[in-house]
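I am opening a notebook page on this structure. My plan is to look up a few features one by one and write down what I find.

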Amino acid sequence: MPVIPLDDLDDPRLAIYRNLKATNETRGLPLFVVEGEKLVLSLRDSRYPIESVLLSDHHADRIAPSLPGDVTAFVVEHARISTLVGYNFHQGALAAGRRLPPIDPGSLVETRPGMVTLVACPVVQNPENLGTIVRTADVFGVDAVLVGPTCPDPLSRRVLRVSMGTVLGLPVIPCDDLAARLDRLRSDLGLRLVATVTDPHATPIDRFERPERLAIVMGSEAHGLAPSWVDRCDHRVTIPMRPGAESLNVAVAAGIFLHRLAVPRR
């Protein structure tokens with residue numbers, strides 16, 4: 001594996017790592033960046049190709065041997081990495097991965113034996129909430145997370161960090177028209193859509209009998225699930241709460257729904 005020390009922070013080979021805080025929006029770019037040794041190794045073990053790795057000189061001798069032989073690792077003086085990336089960085093490693101075409105959710109559902117569980121997020125806006133939902137979905141054996149066009153980039157640094165890299169393994173599929181995609185999965189493959197709501201007249205989660213193929217549709221942080229989405233779904237399910245209680249954070253609610261409704265694959 002080539003290990004190349006670099007002194008010039010303006011070297012064009014470091015462009016993807018430059019001023020990351022100011023250029024956090026990566027949607028539409030061919031590359032994405034992961035930070036920290038754990039996520040670099042998760043990228044190594046994922047389906048995504050590694051474009052390059054950036055190592056602190058304090059950690060290069062330890063991390064470089066664990067990288068694939070065909071990956072170039074650039075080494076920069078530890079004290080200067082923060083200047084390069086634009087924020088205080090102490091984790092010792094970053095890597096640039098190359099995006100791949102999204103997985104087709106229809107093929108995924110069609111080829112899964114037995115029960116199928118999807119999570120659909122039409123308008124979750126906070127990257128930390130999306131990252132937490134993805135991490136929780138991975139724990140409970142969800143087959144894929146589908147996200148609408150206004151959701152954060154699943155491969156943004158914040159989603160990757162909060163999800164602890166699970167977005168590199170669990171399919172998180174952006175959909176330009178999520179409603180139409182779910183409608184096709186329902187008509188073609190028998191997927192049932194479940195609206196997660198705070199309506200006391202909805203079915204309590206502990207009384208709901210899940211169908212074999214299920215998509216759990218989560219609402220936004222501020223307004224919950226829009227009426228048009230509730231009307232589109234086959235079922236309405238709620239988490240019973242005391243009268244007058246504030247609604248739960250969407251990521252917390254997702255954890256409760258998944259604990260009850262998902263069926264982890266053994």
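Is V252 buried, exposed or partly exposed? I looked it up in the model, which is predicted. V252 is partly exposed, and its relative accessible area is 43%. I then placed V252 along the chain: it sits in helix 9, residues 250–261.

Next I checked the surface around that residue. V252 joins M241, L248 and I256 in a nonpolar surface patch. I noted the area of this patch as about 290 Å².

Second entry: cysteines. How many disulfides does the whole structure hold? My search found zero. Why does C121 form no bond with C151? The closest cysteine sulfur to that of C121 belongs to C151, but the two lie 5.8 Å apart, so they are too far for a bond. A disulfide needs the sulfur atoms within 2.5 Å. I looked from the other side too: C151 is in no disulfide, and its nearest cysteine sulfur is that of C121. I also checked cover. C121 is buried, with a relative accessible area of 0%. C151 is buried as well, at 2%.

Third entry: strands. Which strands pair with strand 12, residues 235–238? I found strand 9, residues 192–197, running parallel to strand 12 over four bridges. In this pairing, V194 has H235 as its bridge partner. I also found strand 10, residues 203–204, joined to strand 12 by two bridges, again in the parallel sense. Here P204 has T238 of strand 12 as its bridge partner.

Key:
Residues numbered from 1 in each chain as written. Predicted model: local features only at pLDDT ≥ 70, side-chain atom pairs only at ≥ 80, totals over all residues. Heavy atoms only, no water. Patch = residues over 30% accessible without salt bridge, like charges linked within 9 Å, V, L, I, M, F, W, Y side chains within 5 Å. Areas by Shrake-Rupley, 256 points an atom, 1.4 Å probe, with all protein chains shown as cover. Salt bridge = Lys/Arg side-chain N within 4 Å of Asp/Glu carboxyl O. Buried < 20%, exposed > 50% of the residue type's maximum accessible area, 1.4 Å probe, protein only. Pairing = 2+ DSSP bridges.
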